[in-house]
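Student: Hey, I've never looked at this one before. Please walk me through it.

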There are 2 protein chains.
Amino acid sequence: MNKNFVTISAFFCALLLATGAAENKVPEGVWTIGPRTLPPPSAASDAMRKAILKTPAPDVEATNKLTPQTRAQWEAFINETDARAATRARTLAKNLSVTVEKDKIGGVNVYRVTPAQIDPKHKHHLFVYLHGGAYIVYSGEAGTTEAVLIAARLKIPVLSIDYRMPPAYPAPAGINDVVSVYRQLLKKRTSASMAMGGSSAGGGLTLASVHRFKQLGLDLPGALYLGTPGVDVTKTGDSRYINEGIDRILVSWDGIPFNALKMYAENYDLKHPYVSPIYGDFSGFPPTYLISGTRDLLLSDTVRTHRKMRAAGVIADLNVYEGQSHGDYLAWMDLPESREHYAELNAFLLRYLKN
Amino acid sequence: MNKNFVTISAFFCALLLATGAAENKVPEGVWTIGPRTLPPPSAASDAMRKAILKTPAPDVEATNKLTPQTRAQWEAFINETDARAATRARTLAKNLSVTVEKDKIGGVNVYRVTPAQIDPKHKHHLFVYLHGGAYIVYSGEAGTTEAVLIAARLKIPVLSIDYRMPPAYPAPAGINDVVSVYRQLLKKRTSASMAMGGSSAGGGLTLASVHRFKQLGLDLPGALYLGTPGVDVTKTGDSRYINEGIDRILVSWDGIPFNALKMYAENYDLKHPYVSPIYGDFSGFPPTYLISGTRDLLLSDTVRTHRKMRAAGVIADLNVYEGQSHGDYLAWMDLPESREHYAELNAFLLRYLKN
C-alpha cells in the first residue's frame, strides 16, 4: 500500500466522519468521536503495562461475531466456557491451598470455599460470594475462581452460591436462590457478620438480592463488594460507548453481554430493579466497596452505583484503577494492582463486618 | 453526497484504520481505536443530559489550532480569557451575595471571599483556595469564581491566593506564594482548621504545595480538595487519550494545556513533584476529597492520585460523575450534579476539619 493511497484514504475518511452524522442518520445530539491511539498505561504497574503491551487491540467486530445465535449454540458456548473455567478454578484452589466442597443449603447448590488459614479477625465472618458471567456462564465449580482468590487473599471463609441461570432459569430464579440460602444462613449467624458480593453480574445480583431482602424485611449483610458490577441491562452509561474496543475483556456491549442479559431479563421490564438494580432504592444499603478501571466497559455502572448509594446516605467507597479493563484484577490476579485491590477490600470488610 | 460515496468512503476508511498501524508507524503496543458514537448521558440528570444534547461534539483539531504560538499571542489570550472570567466572577459574587475583598498576605495578592452567612460549624474554619487555569490564566479576580461558589454553597470563609504564573513567573513562584501565605496563616490559626484545594491546576498546585510544606516541616492543612486535578505535566494516563474529543471543556491535551504547562515547568524536569506532584511521596497527606467524570481528560490524573494516596495510607474519597467533562460542576454550576458535589465536599470538610 503506497503513500498516495493512504493520503486519499485519509481524505475520504475525514470526509466520511465529517458527514457521517447526516449520512448515517446519527440521532441529534449523538456525537461521532474520531479514531485515536492508546498507548499501554505507563502509569499502571510495570507488570500490567507489559501485559497490555503484549495484548492486541480488542476487535469489536470479531468479538461480536462470536455471539451464539441459537439455543444449541448458547449451550455449546456455555459448556465450553464452563469446562475451561472449572479447570482454572480447580488448579487455583490447589495452588493456593484452598478447599472447595460442594454442599446444598435451602435446596440450592453451594460451594464451601475455605482457606488453609483463617485470619482470627475473620473467625466469625462469612463472605457470601455470587459469581459473574453475564448470568449465563460459570455455573458449578467454574464460578468459584474469585471465591477461591478471596478466601486465599483475605483469609476468610467463603460460601459461593451456584445460583440457577438462563437459558433454563431466567430471573428471578437466581435471586430466589440467593434468598433461600441467605434465609438459612440467618438462622445460624448475624447478618452483620456476613459480607456479600462478587464481580460483574455477581455485583448486579448482589444489589438485586439486597433489594429483595429489603422487600422481605430481612436483616441486610454487614458489607457489600461490587467488582465492576453490571447494574443495567439497557445500553446506558458513557463507558459502554467510550470504552468499546478499549476494554480487553468485554470488548463490546452489543455482542454476548447484551444478548445474554436479554435472556436473563426475559420476564421483566429491562429497568426492573431485579434485573437492572441501579433503578432500585438504595436507602439503608450496607457499606459497599466498589472497583472499576479506566478501560472498563462498566465504569459507568460502577460510578452510577456509587453516586446513587452516596445520595441515599450509604457508605460507599469507589476505587478506579488506571489501565484496568473489566475484572482485570481477577483475570491478571498476580499483578500488583490485584493484590492491592484485595488488600483494600479486606481492610474495608474488617472495618465494617461485625461478629 | 450519495450512498455509494459513503459506502466507498467507509471501505477506504476501514482499510486505512486496518493498515494505519503499519503506514503511520504507530509504536508497538499502541492500540488504534476506531471511531464511535456517544449519545448524551441518559444516566446523568435531565438538566445535564439536555445541556450536553445542545453541545456540539468537541473538535480536537480546531481546538488545538487555537494554541498561541508567540509570547504576544499568549499574553493576548491570557488577557482576553481573564477579562471574561473576571466579569463572570464579579457577577456571580453579586448574585450569590458573596463579598470579595482584595488584600495582601506575606507580600502575596489574595482575595478574601466571604459568604453572606457563615455556617456556625465553619465559624473557625478557613478554605484556602487555589484557582485553576493551566497555570496560565485566571489571575486576579478571574480566579475567584469557584472560591465564590464554595463560599456560597458551603457557607465557609474562603481565602483565594492570586499566585504568580507564567509567562513571567514559572514554577516555583506559585508554590512559593502559597508557602508565604500559609506561613502567615499558621501564625493566627491551627493548620487543622484549614482546608486547601482547587480545581484543575489548582488541585495540582495544592499537592505540590503540600509536598513543599512537608519539606519545610510545616503542619499540614486539615483536609484537601482536588477537583479534577492536573497532577502530571507529561502526557501520561489513559484518559488523556481515551477522552480526547470527548471532554467538552479541555477537548485535547496537546494544545493549550500541554503548551501552557511547558512554560510553567520550564525550570524543572517534567516529573519533578513541584510540577508533576503525582511523582511525590504522599505519606502523611491530609484527608482528601477528589472529583472527576467519565468524560474528563484528567480522569486518570484523579484516579492515579486517589490510588497513590490510598497506598500511602491517606484517607482519600474518590467521586466520579457520569457524563462530566473537566470541571463541569463549575462550568455548569446550576446542575443537580454541581449541587451534589459541593454538598459532598462540605460533608467531607465538616468531618475532617478541626477548630
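Tutor: Sure, but one term before we start: two strands pair if DSSP finds at least two bridges between them. Also keep in mind that this is a predicted model.

Student: OK. Which residue stands opposite Tyr129(A) in strand 7 of chain A?

Tutor: That's Gly197(A). Tyr129(A) faces Gly197(A) across two paired strands, strand 5 (residues 126-130) and strand 7 (residues 194-199) of chain A, which run in the parallel sense over four bridges.

Student: What order do the strands of the sheet come in?

Tutor: In chain A, eight strands make an open sheet, ordered 3-4-6-5-7-8-9-10, with mixed pairing. At the edges sit strand 3 (99-105) and strand 10 (316-321) of chain A, each pairing on one side only. From one strand to the next, the twist averages 20 degrees.

Student: And which strands does helix 6 of chain A touch?

Tutor: Helix 6 (residues 173-188) of chain A packs on the sheet and touches strands 3, 4, 5, 6 and 7 of chain A. Its direction makes about 60 degrees with that of strand 4 of chain A. Helix 12 (residues 336-352) of chain A packs on the sheet too, touching strands 7, 8, 9 and 10 of chain A, and its direction makes about 160 degrees with that of strand 8 of chain A.

Student: Let's stay with strand 8 of chain A. How many of its residues are buried?

Tutor: Five of the five, so strand 8 of chain A is largely enclosed by the rest of the structure. Ala223(A), Tyr225(A) and Gly227(A) point one way, while Leu224(A) and Leu226(A) point the other.

Student: What does strand 8 of chain A pair with?

Tutor: Strand 7 of chain A pairs with strand 8 of chain A in the parallel sense over five bridges, with Gly198(A) opposite Leu226(A). Strand 9 of chain A pairs with strand 8 of chain A, also parallel, over four bridges; there Leu226(A) stands opposite Leu290(A). Add helix 7 (residues 201-216) of chain A, and strands 7 and 8 of chain A make a right-handed β-α-β unit with that helix.

Student: New topic. How many residues of helix 10 of chain A are buried?

Tutor: 12 of its 13. What covers the buried ones includes strands 8, 9 and 10 and helix 8 (238-242) of chain A, together with strand 10 and helix 12 of chain B. Just after helix 10 of chain A comes Gly313(A), with a positive phi of about 80 degrees.

Student: Why does the length of helix 4 of chain A agree with what it should span?

Tutor: Because at 1.5 Å a residue its 25 residues should span 36 Å, and its end C-alpha atoms are 36 Å apart. Its buried residues include Trp74(A), Ile78(A) and Asp82(A), and the buried residues pack against strand 3 and helix 5 (145-154) of chain A.

Student: Last one: what is the mean pLDDT of chain A?

Tutor: It's 94, and 93% of the residues of chain A reach 70 or more. Over residues 1-22 of chain A, though, pLDDT stays under 50. The model scores ipTM 0.92 and pTM 0.93.

Conventions
Residues numbered from 1 in each chain as written. Chains lettered and ligands numbered in written order. Predicted model: local features only at pLDDT ≥ 70, side-chain atom pairs only at ≥ 80, totals over all residues. Axes fitted to C-alpha atoms, helices over the stretch in contact; angles between N-to-C directions. Contact = placed C-beta atoms within 7 Å. Expected span 1.5 Å × (residues − 1). Buried ≥ 20, exposed ≤ 12 C-beta atoms within 10 Å, placed from the backbone. Right-handed = clockwise from strand over helix to strand, strands pointing away. pLDDT = per-residue confidence, 0-100.
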